[in-house]
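Me: I would like to go through this model with you and ask, term by term, what each structural label rests on. Could you start from the rule and then come to the values?

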Amino acid sequence: MKMKAAVVREPKVITIEEVNLAPPKENEVLVKTHYCGYCHSDFSAVESGQLFPIPFVTGHEASGVVVDVGPGVKRIKKGDHVVACWAVSCGRCKQCVKGNEYICPEYRNFIEAGSLLDGTSRLTDANGKPLYHSVFVSGFAEYLVIPESGAIKLREDFPLDQAALLGCCVPTGLGAVINTANVKPGDSVAVWGIGGIGLNVLQGAKLAGAKPIIAVDIEGSKEAIAKEFGATHFIDSSKQDPIPIVQELSGGGVDYAFEASGDVGAIEQIYWALGIGGKQIQIGLQDASKKAQLQIIFTPLHAKDIIGVMYGHVHVHTDIPAFADLVMDKRYIDLDKLITKKFKLEELQSVHDAMREHKIHGRWVCEF
Ligand SMILES: [Zn+2]
Ligand SMILES: [Zn+2]
């Protein structure tokens, strides 16, 4: 079928083109896209042009309704409301069998190839030349063909705009708090980087009963939204050194410090913001060419842990519907508050440029 999609053919440039989408093959589903959020990882992929083969259709935080299914599909049917999940696991490798499907090495090969699970793409441009997928989803397109295992069925009363956020920033942030760190009531938490993921770390820390919950960002204007999402304190790190303030607020350093900014300097700050026995949880993806400098003697001396987390250690088919229940039961913040702007596909380039200029607070979501 023909459809509009956001194509990246060179770094920094997104063009809206009419492209062709082939029907779903075995164990794949066709989804009518309703919403897709613009994540900082999309920004990195577009800006660098290096994370996926070029040309690719960008986007990975999408929701929609299933309109067709390929042969062999059993769990999903037409009419199902789904979140498109980018961490598609093989179900057979050692990590999958151990329950660590979020680090399945098999899917990474397909992500790097820009393909679906059979190694091929369903996308071609108007001239019939192949286009690559971004992380199985390619969400900035009117329709998606995704693996059945990456289609997470949701309750139908869950708003589809908020559902898109369940594809990336909610599981990544909330999962890091409750799955990876396992924060308990009364634990102290600090979060560096108050974007879509950092806000979900704050809200997850509130859900877990953490106190204090300290938000750190170089943009002082994020204080209001940080506090709405559960921060008890906010530090503008462009004006103040956060380390002594975090140490004072937490009585000598926090139990858990989350890095959600992707900044190498934040990693170095977090190390000193931890108390004895504290855990440093790294979510953000730093520039691969940069190195952090840590006085690592204090890792054993202070019994610190440095922990990396991929996709919130979520088990997608159980955790993502459970997160939707938390929202609907009003135990988690209304995700409407995270959606600070809705835009049209044709505006995606200007959204990308706004992210470069740090103008995006909360999540901007494309409406189809
Ligand atoms: Zn993302
Ligand atoms: Zn696997």
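Reply: Two strands are said to pair if DSSP finds at least two bridges between them. In this predicted model, two bridges join β1 to β4, which run antiparallel, and so the pair satisfies the rule of at least two bridges. Within that pair, valine 7 stands opposite valine 57 in β4.

Me: What makes β1 and β2 a pair, and how many bridges join them?

Reply: Eight bridges join strand β1 (residues 2-10) to β2, and the two run antiparallel; set against the requirement of at least two bridges, they count as paired. Valine 7 has threonine 15 as its bridge partner in β2. The two strands form a hairpin with two residues between them, and lysine 12 in the turn has a positive phi of about 75°. As background, most residues other than glycine have a negative phi.

Me: Which strands close into the barrel, and in what order?

Reply: Five strands close into a barrel in the order β1-β2-β7-β8-β4, with mixed pairing. One of the links is between strand β2 (residues 13-21) and strand β7 (residues 123-124), which pair in the antiparallel sense over two bridges; leucine 123 in β7 is the bridge partner of leucine 21.

Me: Why are β13 and β16 called edge strands of the open sheet?

Reply: The open sheet has six strands in the order β13-β12-β11-β14-β15-β16, and the pairing is parallel. β13 (233-236) and β16 (305-308) each have a single partner strand, so one side of each is left without a neighbour in the sheet, and they stand at the edges. Neighbouring strands of this sheet are turned by 20° against each other on average, direction ignored.

Me: How do you know that β14 and β15 pair, and which helix packs on the sheet and touches both?

Reply: Strand β14 (residues 254-259) and strand β15 (residues 274-282) pair in the parallel sense over five bridges, and the rule asks for at least two. Glutamate 259 stands opposite glutamine 282 in β15. Helix α5 (residues 169-181) packs on the sheet, touching β14, β15 and β16, and its direction makes about 125° with that of β15.

Me: What makes α5 and α11 roughly perpendicular?

Reply: The axes of α5 and helix α11 (residues 316-328) come within 11 Å and cross at roughly 90°. Angles of 65 to 115 degrees count as roughly perpendicular, and α5 and α11 are therefore roughly perpendicular to each other. In their contact, Val170, Pro171, Leu174 and Gly175 in α5 meet Asp319, Ile320 and Phe323 in α11. By class, this contact has five nonpolar, one polar and one charged residues; Gly is counted among the polar ones under the scheme used.

Me: Why, then, is α8 called roughly parallel to α9?

Reply: The axes of helix α8 (residues 242-249) and helix α9 (residues 264-273) come within 9 Å and cross at roughly 30°. Angles under 35 degrees count as roughly parallel, and the crossing angle therefore makes α8 roughly parallel to α9. The crossing in which α8 passes α9 is right-handed. Pro242, Ile243, Val246 and Gln247 in α8 meet Gln269, Trp272 and Ala273 in α9, and the residues of this contact divide into five nonpolar, two polar and no charged.

Me: What makes the peptide bond before proline 55 cis, and where is that proline found?

Reply: The peptide bond from isoleucine 54 to proline 55 has omega near 0° and is cis; proline 55 is found in the loop between α1 (40-48) and β4 (56-57). Another cis peptide bond joins lysine 211 and proline 212, where omega is about -5°, and proline 212 is found in the loop between α6 (196-208) and β12 (213-217). In general, most peptide bonds are trans.

Me: How do you know which parts belong to domain 1 and domain 2, and how many residues are in contact between them?

Reply: The bounds come from the domain assignment of the protein, which gives domain 1 (2-153 + 338-367) and domain 2 (172-310). Their C-alpha centres lie 29 Å apart. Nine residues of domain 1 are in contact with nine residues of domain 2, and on the side of domain 1 that touches domain 2 the residues divide into four nonpolar, four polar and one charged.

Note on methods:
Residues are numbered from 1 along each chain as its sequence is written. Chains are lettered from A and ligands numbered from 1 in the order in which they are written. This is a predicted model: local features need pLDDT of at least 70, side-chain atom pairs count only at pLDDT 80 or more; totals for chains, interfaces and linings use all residues. Helices (H or I, at least four residues) and strands (E, at least two) are DSSP runs, numbered from the N terminus. Axes are lines fitted to C-alpha atoms, for helices over the stretch in contact, and angles run from 0 to 180 degrees between N-to-C directions. Two residues are in contact if their C-beta atoms, placed from the backbone, lie within 7 Å. Domain bounds come from an automatic or database domain assignment. Angles under 35 degrees count as roughly parallel, over 145 as roughly antiparallel, 65 to 115 as roughly perpendicular and the rest as oblique. A crossing is left-handed if the near helix is turned anticlockwise from the far one by less than a right angle, and right-handed if clockwise.
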